[in-house]
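Reader: I'd like a close look at one part of this thing rather than a full tour. Could you pick a single residue as the way in and work outwards from there?

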Amino acid sequence: MRGLFTSITKIRRQVFTEVARYAFERDLDNSDFNFFYESSYRIIPGEVATYRDSVFKERAIIRERIRLAMGLPIRPADTHQPLTKGMAESATADKLLEMPLINVIPFACEACATDHFQVSDNCRKCLAHPCTGVCPVGAVSIGKTASVIDQDKCIKCGRCKEACPYQAISRIGRPCAEACGAKAIGSDALGRAKIDQDKCVSCGLCIVACPFAAIADKSEIFQLVTAIRTGQTVFAAIAPSFVGQFGPLATPGKVVAGIKALGITRVIEVGWGADIGSLHEAEEFLRDVPDEKPFLGTSCCPSWAMFARKEQPGLANCIAQSHTPMVAAAQRIKQEHPDARVVFIGPCVSKKMEALEDEVRPYVDYVITYEELMGLFAARQIELNELKEAPLMDYASRDGRNYAVAGGVAQAVVNVIQETAPGREVPVMKADTLHECRKMLALAKAGKVNGYLLEGMACPGGCVGGPGTLSQISRASKSVAAFAQASSYRTASDNPLDQEVLPIAPG
Amino acid sequence: MANIIVEVCSGTHCVMLGAMNIIDSVHSLDEIRHDMDQCCEVEVRAVPCMGLCKGGAQGPFVRVDGLLIKGGESDSVMAAIMDRCAQSQDT
């Protein structure tokens, strides 16, 4: 459903807006949170079900989504717990989030059948029945009215599907499991999707893949707003993919102005941190490849980096040691403004996981997505188009801004390597989605990418394809390219970097 | 050749409820209309907040040649455009 606006997108955004609205409007000294009982009726009005078989179930699911959006765990379905349990404690400016970040709401899950081949009523039970003849394990036979596949024998080679002249055989599986490159989705006792937290790397693609809206991640919007409302200084570090995400009229300057209208003091570009990352990775590459490490993998996508380390522990040292751009940018802010809170705004669920790591916690206070930010704008009724553009300064180079699209990271690093060591050839291999990353890692294990720079991205098309985005990938990529071209620095080495922590829009 | 103007409200409320996806779906019609030999041109305009959400109505708000669609979705907007195209072919 990526790129399409469905009822699921609508519900998700309505929940963010409800939570944001209450975060901004509640009495800070006296909150009872009963507001959220009413939220489920505002989002699902009336007595007749709109989306599912029962209006009560629809509201029950909304209530769990609200808890997740508050940063709280979902409740077990078999014991009594009030909706508001834990909410008083969640009304804090401190970090509240705990794993698991990505949650299946079990009673929203429709327990789709797992991956298998299936014969449809397109089958004519034809004379030739090539499906049986091509099966290497004798799993296909001709039944009373149609071909029958013995699921116990089937090895999922797909030959029967290819051979059928009526397209009567299809492969069908769970959209969540298919989106999961880490193969982390299994089943609970009732056949519903269950995430294996040891395998999950929090890329969040299952969230946008589930057609029944049964998967959601936790949010930190409530804690962010609490920080703003209790008078704390909050800096926003915004990822390079932000341009084009908030509507055709929302220029980068207007988006920045909108963020400041929420009460955030300054906005800086994470692309600046990307430039730092490019310099580090180029240095590491020139120093270690091929003598110390056969190849170097980029490190800016935490899901890819974590996946690579889990999938091929023996090659873990070949993933660059540098921090992600988010961390580099946040460290810089905290150095100069130790008391400020930092919110990272991006397309990414995986950065929420990264921000929970012990080394990262001191720097990044909250991580929210563009979609969640849109919820904040909507709750505050901020019309981006009516705001005066915040003046943008060059904070990131063209290459740093291009981190947002697949291929951009490797190109940025290669450009620095070639400036530092003219004539040095750098073969590059890149993969987007963890399915592709898995293949790339297999080649790496087999020694086929020695001397290479590997770029891994968990999301299709790179960060512009992240689960927290609002814009279609192709349009977002164009906006990113235009914004990148507008920088007066070409590569990371052109960027003077020592600029005072000045925002892309001065405070 | 008929020229159909589609104005899509691009205020915060409407973008949050899918205005960008409506614009995408209007663009996606170009190919279909070409295949159907419909010769009308469709021009999409992203317009600032129409102010209609302030009265409590639900967006996205879209005007197809002046005809207002409230709570617009890709399908209703595409259907309205295809209708207009067909009308202009007939006349």
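Author: Here is a walk that starts at one alanine and moves out to the cores, the chain contact and the sheets. Keep in mind that this is a predicted model.

Let's start with A:Ala23, which sits in helix H1 of chain A. Is A:Ala23 buried or exposed? A:Ala23 counts as buried because 23 other C-beta atoms lie within 10 Å, and the cut-off for that label is 20 or more. Leaving out residues up to four places away in sequence, A:Ala23 touches A:Ile221, A:Phe222, A:Val225 and A:Thr226. For a sense of scale, take A:Met429: 406 residues separate A:Ala23 from A:Met429 in sequence, and their C-alpha atoms are 45 Å apart in space.

One of those contacts, A:Ile221, turns up again in the core. The largest nonpolar core has 179 residues, and A:Val19, A:Ile221 and A:Ala237 are the ones touching the most other members. Where does this core lie? Domain 1 (1-90) and domain 3 (223-493) of chain A both contribute residues, so the core lies between them. As a general background point, nonpolar side chains tend to be buried together in soluble globular proteins. A:Ala237 has plenty of company: not counting residues up to four places away in sequence, A:Ala237 touches A:Ile268, A:Val270, A:Met326, A:Ala329, A:Ala330, A:Ile333, A:Val342 and A:Phe344. There is also a second, separate core of twelve residues, with A:Cys123, A:Cys131, A:Val140 and A:Ile149 among them.

On the domain side, the assignment for chain A also has a domain 2, covering 116-172. The centres of domain 2 and domain 3 of chain A, taken over C-alpha atoms, are 46 Å apart.

Helix H1 matters for the chain contact too. In total, 19 residues of chain A are in contact with 17 residues of chain B. On the chain A side, helix H1 (7-25) and helix H15 (370-379) each supply at least two of the touching residues. What is that side made of? Its residues split into eleven nonpolar, five polar and three charged.

Across the contact, chain B has an open sheet of four strands in the order E2-E1-E3-E4, with mixed pairing. Strand E2 (41-47) and strand E4 (67-69) of chain B have a single partner strand each, so one side of each is left without a neighbour in the sheet. Ignoring direction, neighbouring strands are turned by 20° against each other on average. Strand E1 (residues 3-9) of chain B runs parallel to E2(B), joined by seven bridges, and B:Val8 has B:Ala46 in E2(B) as its bridge partner. Helix H2 (residues 19-35) of chain B packs on this sheet, touching E1, E2 and strand E3 (62-64) of chain B, at about 165° to the direction of E2(B). Helix H3 (residues 74-90) of chain B lies across E1, E2, E3 and E4 of chain B and runs at about 15° to E3(B).

Back in chain A, three strands make an open, parallel sheet in the order E11-E15-E14. Strand E11 (296-297) and strand E14 (428-432) of chain A are the edges, each pairing on one side only. E11(A) and strand E15 (residues 453-457) of chain A pair in the parallel sense over two bridges, with A:Gly297 opposite A:Leu454 in E15(A). Helix H17 (residues 408-420) of chain A packs on that sheet, touching E14 and E15 of chain A, and its direction makes about 150° with that of E15(A).

Terms used:
Residues numbered from 1 in each chain as written. Chains lettered and ligands numbered in written order. Predicted model: local features only at pLDDT ≥ 70, side-chain atom pairs only at ≥ 80, totals over all residues. Pairing = 2+ DSSP bridges. Contact = placed C-beta atoms within 7 Å. Axes fitted to C-alpha atoms, helices over the stretch in contact; angles between N-to-C directions. Domains from an automatic or database assignment. Nonpolar A, V, L, I, M, F, W, Y, C, P; charged D, E, K, R; others polar. Core = buried A, V, L, I, M, F, W, Y, C linked by C-beta atoms within 7 Å.
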